[in-house]
Amino acid sequence: MGTMVTEQLTSQTTGPDELADFDTLTGRYQRELMAHCYRMSGSVHEAEDLVQETFLRAWKASASFQGRSSVRTWLYKIATNVCLTNLEGRPRRPLPTGLGTADSVAGDALERDAEIPWLEPIPDTAVEVAERDTIRLAFVAALQHLPARQRAVLILRDVLRWSAAETATALDTTTAAVNSALQRAHAQFDERELTPDTVEPDLDEGQQRLLDAYLEAFWAKDIDRIVQLLQYDATWDMPPFLNHYRGAANIGELIDTQCPGGIHDMPMLRTVANGQPAFGLYMRQPAGHFEPFHMQVLDLAGQKVRHVTAFFGAEHFTRFGLPERLPADWQPGAADGPATTG
């Protein structure tokens, strides 16, 4: 939270013990509320603002808190309604693969649309790691296809495991309306075969080796090796470009012909985004050093890469704490960071 908000929250104490120290309160719930607001909004910077607004509203209303629910439940109710207000009249945040457009073929002209508010990746350090199954990119992207209130109902019922009655109270509606909204949300999710329970577990040793090989293949710009590491029907998208690609060979040709780097021009640093392995890919510049190019978030299926979303924009590197440049003599090694997701 910002210094101004922290000062406001700590300027007075309130009745219940847990509300008496807002510094402790925010420290306790900051990251899980961040995950909640991110699922609702699909945006990291919006989620940060929404969490701050949640704590401000909680501080203003703390004197009237009567303990009919836990403080945690009370905060989630506030956060959900803050999100719903924020989402009024706003477009959803998709990924290119969710736009319903046809797959592209390597060699097609790239179509960029910076006006679309794209779904953003989130660092694992910003949210509760135990919740990473419900912040996977595919899951959050599917949430964005739901109307805001259906989205809220599905998150409260299926992610937070609230009862229909608790959810109805939080949303100021009826239990019947909650059950109806959840049924419609489930129907859309069934079409995409997505639930919080259909994600991959922590990486095994074979997948760790896969990530090592993937990093090395990009550094060498070994297209044949990259194609071998991809599932045969792998998909690739790269917001803010509208293009998305299907098929390992097609993706390999895309990297070969439209990625400007050559051998030893594309170093990658490891990170973790949305509970998934990720790489910040840098591109060599004419002066010799490397600057941010895009951040890849990988979805693995066994010993293959099933999907890659390459997020263009240096702001992602800043958000994930990655360097703004690498020296010209950079070499793969210990500096490429951890390969774990847990």
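Is Ser43 buried or exposed? Hi everyone, let's start there. Keep in mind that this is a predicted model. Ser43 is buried, and its relative accessible area comes out at 0%. You'll find Ser43 in the loop that links helix 2 (22-41) and helix 3 (44-61).

So who sits around this serine? If we set aside neighbours within four places in sequence, Ser43 is in contact with Tyr38, Arg93 and Glu120. With Glu120 there is a polar contact, side chain to side chain, at 3.4 Å. Pro121 is worth a look too: Ser43 and Pro121 are 78 residues apart in sequence, yet their C-alpha atoms are 7.8 Å apart in space.

Now, on to the cysteines. How many disulfides does the structure hold? Zero. Take Cys83: the closest cysteine sulfur belongs to Cys37, and at 3.7 Å that is too far for a bond, because a disulfide needs the two sulfurs within 2.5 Å. Cys83 is buried as well, with a relative accessible area of 1%. Cys259 also counts as buried, at 13% relative accessibility.

Last stop, the strands. Strand 1 (residues 230-237) runs parallel to strand 6 (residues 304-312), and four bridges join them. One pair to click on there is Trp236 with its bridge partner Val308 in strand 6. Strand 1 also pairs with strand 2 (residues 244-246), this time in the antiparallel sense, over three bridges. Here Thr235 has Arg246 of strand 2 as its bridge partner. Strands 1 and 2 form a hairpin, with six residues between them.

That's my tour, thanks for listening!

Technical notes
Residues numbered from 1 in each chain as written. Predicted model: local features only at pLDDT ≥ 70, side-chain atom pairs only at ≥ 80, totals over all residues. Heavy atoms only, no water. Buried < 20%, exposed > 50% of the residue type's maximum accessible area, 1.4 Å probe, protein only. Pairing = 2+ DSSP bridges. Helix = DSSP H or I, 4+ residues; strand = E, 2+ residues; numbered from the N terminus. Contact = heavy atoms within 4.5 Å. Polar contact = N/O pair within 3.5 Å; in protein donor to acceptor, adjacent residues only side chain to side chain.
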